Amino acid sequence: MAQSSRRFFLRNRTHHEHTELDQLIGPLTSEPAYRRYLKSLAAFRIGAEQAMSTVRWPESLSGWAPVSLSVMMQADLLDLQETHRPMPAFPPPASLPALLGVLYVLEGSSLGARFLARQVSALGYTQDFGARHLAIQTASPDNWQHFLRLLESAPEWDADVAAGAAHSLFRYAIDAVRHTDRLTETSHG
């Protein structure tokens, strides 16, 4: 498959936010680090998936759906006897280009999930306990490739709108980590 020019455009336009999020999360090599990640990601992902649930699905994306993690993340939180604090609502994408930008971020997270799954398995978290959401993300590698084909062939494309939506969702994820950190500091301070 030829490389998607839209994919690489979005990757380049969101590189700074993606790097900031990765650095903010850091390696998941300790139980506290994983718990922080899980609470943060649950707040982000549940808010984003709620926004997506209100979107009228376009015909050009029929036959394909993003991987939903909310239910498995809640099960993982329950395993660890943790909770997440909801984030303010994320605005649903208002156009196909904005939807594609949001989906780029949500589906793209599956690329890093394999690496994270290996890190947390060393802590004892698996597809059966504490890391179900990572197992779901890594179970369908073809979903990302299917999305990339849809991204490239989408009949309606506005690069700036798509990049703006992807940027906004990355900022929402960064805010979720900071939100979790503030709540943790408040409860320990």
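Let's start at the largest pocket, where helix α5 gives the most to the lining, with 9 residues. Keep in mind that this is a predicted model. The helix in question, α5, spans residues 96-121, and it has company around the pocket: α1 (5-13), α2 (15-25), α3, α6 and α8 (159-188) each supply at least two residues of the lining as well.

How much space lies in that pocket? About 650 Å³. The lining runs to 28 residues, and the closest to the pocket's centre are His18, Asp22, Gly108, Ser109 and Gly112. If you sort the lining by class, you get 17 nonpolar residues, 7 polar ones and 4 charged ones.

Now move to α1, one of the helices that help line the pocket. Leu10 has its place in this helix. Is Leu10 buried or exposed? Its relative accessibility is 0%, so Leu10 counts as buried, the cut-off being under 20%. Leaving aside residues up to four places away in sequence, Leu10 touches Tyr104, Leu151, Trp157, Ala162 and Ala163.

Follow the chain into the loop between α1 and α2 and you come to Thr14. Thr14 is buried too, because its relative accessible area is 1%. With residues up to four places away in sequence again left out, the contacts of Thr14 are Tyr104, Ala163, Ala166, His167 and Phe170. Tyr104 and Ala163 are worth picking out on your screen: they touch Leu10, and they touch Thr14.

Next comes α4, which covers residues 70-79. Which of its residues are buried? They are Ser70, Met73, Asp76 and Leu77. These four cover an arc of only 120° around the axis, which means they sit on the same side of α4. Turn to the face pointing away from that buried side and you find the exposed residues Val71 and Leu78. As for what covers the buried residues of α4, this includes α3 (31-52) and α6 (132-139). Both α3 and α6 also supply residues to the lining of the largest pocket.

Just after α4 there's a backbone detail to look at: Gln81 takes a positive phi of about 55°.

To tie the two ends of this walk together, go back to Leu10 and compare it with Leu78. Leu10 is buried, while Leu78 is exposed. The two leucines are 68 residues apart in sequence and, C-alpha to C-alpha, 35 Å apart in space.

Conventions. Residues are numbered from 1 along each chain as its sequence is written. This is a predicted model: local features need pLDDT of at least 70, side-chain atom pairs count only at pLDDT 80 or more; totals for chains, interfaces and linings use all residues. Side-chain values use heavy atoms; hydrogens and water are left out. Buried means under 20% relative accessible area, exposed over 50%, partly exposed in between (1.4 Å probe, protein chains only). The arc is that of the directions from the helix axis to the C-beta atoms. Contact means heavy atoms within 4.5 Å. On a 1 Å grid over the protein atoms alone, a cavity is a set of points where a 1.4 Å probe fits but cannot get out, and a pocket is an open set with protein on both sides within 12 Å along at least five of seven lines; lining residues have an atom within 4 Å of a point. Grid points are joined across faces, edges and corners, and a volume is the space filled by probe spheres set on the points. Ala, Val, Leu, Ile, Met, Phe, Trp, Tyr, Cys and Pro count as nonpolar, Asp, Glu, Lys and Arg as charged, and the others, Gly among them, as polar.
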